[in-house]
Amino acid sequence: MIGQEAPERRAANDADFGAGLAQPTAPNGLATLRTAHTNRLSAGEIQSLNERYAPLDCEERIRQLYRDFPPEKVLVTSSFAATSAFFLHVVSRVRPEQEIAFIDTGFHFPQTLRYKAYLTDLFRLKVFDVAAPPAAHERTAHARLWEADPDRCCAVNKIAPLEAIEPDYQVWISSLMRWQSEHRAGMRIFERRRGILKFHPMIDVTREERDDYIRAHHLPFHPLVLQGYASIGCTHCTVAGEGRSGRWAGKPKTECGLHL
Ligand code: SF4
């Protein structure tokens with residue numbers, strides 16, 4: 001067994017949010033975040049969060065998030081892709097007990113699964129897998145849906161499994177950075193997407209800053225990076241290439257849909 005087992009998770013409802021936790025005394029109207037359902041945060045409150053977090057660096061932002069939100073209501077996902085070691089190293093330093101969700105599409109490279117096991121052991125992560133029901137996944141595999149309808153394939157194998165657990169959480173941290181794609185270039189630190197509050201603490205980290213961090217901490221890259229893969233997803237939809245050019249190559253699709 002690699003790493004540690006994630007403790008049993010339970011579904012939450014609005015009444016559970018922040019129960020038993022001390023309330024912060026922020027003077028800026030955000031003091032209710034630990035009890036408020038973030039679906040009810042106004043555009044102005046999200047704007048206030050963006051302004052308050054903007055001067056902080058990515059590690060300080062993550063530390064602050066755990067002060068503003070109940071830690072058990074924070075969802076962290078990782079694809080254990082090219083440079084996930086950077087994000088996971090920061091998160092595991094800030095909150096070692098944080099659970100990490102891995103969306104298991106069933107189509108990952110064996111190298112990704114080995115990298116996942118390696119990082120889980122290295123950082124002593126608590127990783128849990130989320131996946132489509134076996135029958136639904138099998139139907140996509142049988143139909144080779146990534147060829148005929150990749151949006152539908154991602155919807156079944158990535159988006160639906162994540163949406164099934166989203167109601168357990170108030171805020172979702174992901175490691176997107178603006179330089180990664182045109183779509184991501186317009187993202188902010190906090191924004192509501194598909195009904196959940198997204199938190200992008202690394203959105204303004206440059207590629208050079210990320211690589212400097214990786215080198216300074218002697219972190220391992222995904223094994224396929226050495227073979228020219230700059231971005232790594234499922235085997236059927238990933239080839240070697242710069243940036244995200246190797247994802248859904250030859251198709252208009254550029255995002256799996258999780259971050260749209
Ligand atoms: S990335 Fe490709 S194989 Fe993976 S879920 Fe999406 S369409 Fe299917």
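This tour goes through a predicted model, from its confidence values to the ligand shell and then to two helix pairs.

**Confidence**

Colour the chain by pLDDT. The mean over the chain is 82, and 78% of the residues score at least 70. Select residues 126-130 next: this is strand 3, whose mean pLDDT of 97 is the highest among the elements of the chain. Then select residues 182-185, which form helix 8, the element with the lowest mean, 82. Now go to residues 1-32, where the pLDDT is below 50. Beyond near neighbours in sequence, this stretch has 47 contacts in the model.

**The ligand shell**

Centre the view on the ligand and show the 13 residues around it. Which of them come nearest? They are Pro150, Cys153, Cys154, Cys234 and Cys237. By class, the shell holds eight nonpolar residues, four polar ones and one charged. Select residues 150-165 to see helix 7, which gives the most to the shell, with five residues.

**Helix 5 against helix 7**

Keep helix 7 selected and add residues 134-142, which are helix 5. The two axes lie 10 Å apart, at an angle of about 155 degrees. Angles over 145 degrees count as roughly antiparallel, so helix 5 and helix 7 are roughly antiparallel to each other. The crossing is left-handed. For the contact, show side chains of Ala136, His137 and Thr140 on helix 5, and of Cys153, Val156 and Asn157 on helix 7. Cys153 also appeared among the residues nearest the ligand. The contact residues divide into three nonpolar and three polar, with no charged residue.

**Helix 2 against helix 3**

Hide that pair and select residues 58-68 (helix 2) together with residues 84-94 (helix 3). Their axes are 10 Å apart and meet at an angle of about 45 degrees. Because of that angle, helix 2 is oblique to helix 3. Is the crossing left-handed or right-handed? Helix 2 and helix 3 cross in the right-handed sense. On helix 2 the contact is made by Cys58, Glu59, Ile62 and Arg63; on helix 3, Val90, Val91 and Val94 take part. Coloured by class, the residues of this contact are five nonpolar and two charged, with no polar residue.

Definitions and conventions
Residues are numbered from 1 along each chain as its sequence is written. This is a predicted model: local features need pLDDT of at least 70, side-chain atom pairs count only at pLDDT 80 or more; totals for chains, interfaces and linings use all residues. pLDDT is the predictor's confidence in each residue, from 0 to 100. Helices (H or I, at least four residues) and strands (E, at least two) are DSSP runs, numbered from the N terminus. Two residues are in contact if their C-beta atoms, placed from the backbone, lie within 7 Å. A residue is near a molecule or strand if its C-beta atom, placed from the backbone, lies within 6 Å of it. Ala, Val, Leu, Ile, Met, Phe, Trp, Tyr, Cys and Pro count as nonpolar, Asp, Glu, Lys and Arg as charged, and the others, Gly among them, as polar. Axes are lines fitted to C-alpha atoms, for helices over the stretch in contact, and angles run from 0 to 180 degrees between N-to-C directions. Angles under 35 degrees count as roughly parallel, over 145 as roughly antiparallel, 65 to 115 as roughly perpendicular and the rest as oblique. A crossing is left-handed if the near helix is turned anticlockwise from the far one by less than a right angle, and right-handed if clockwise.
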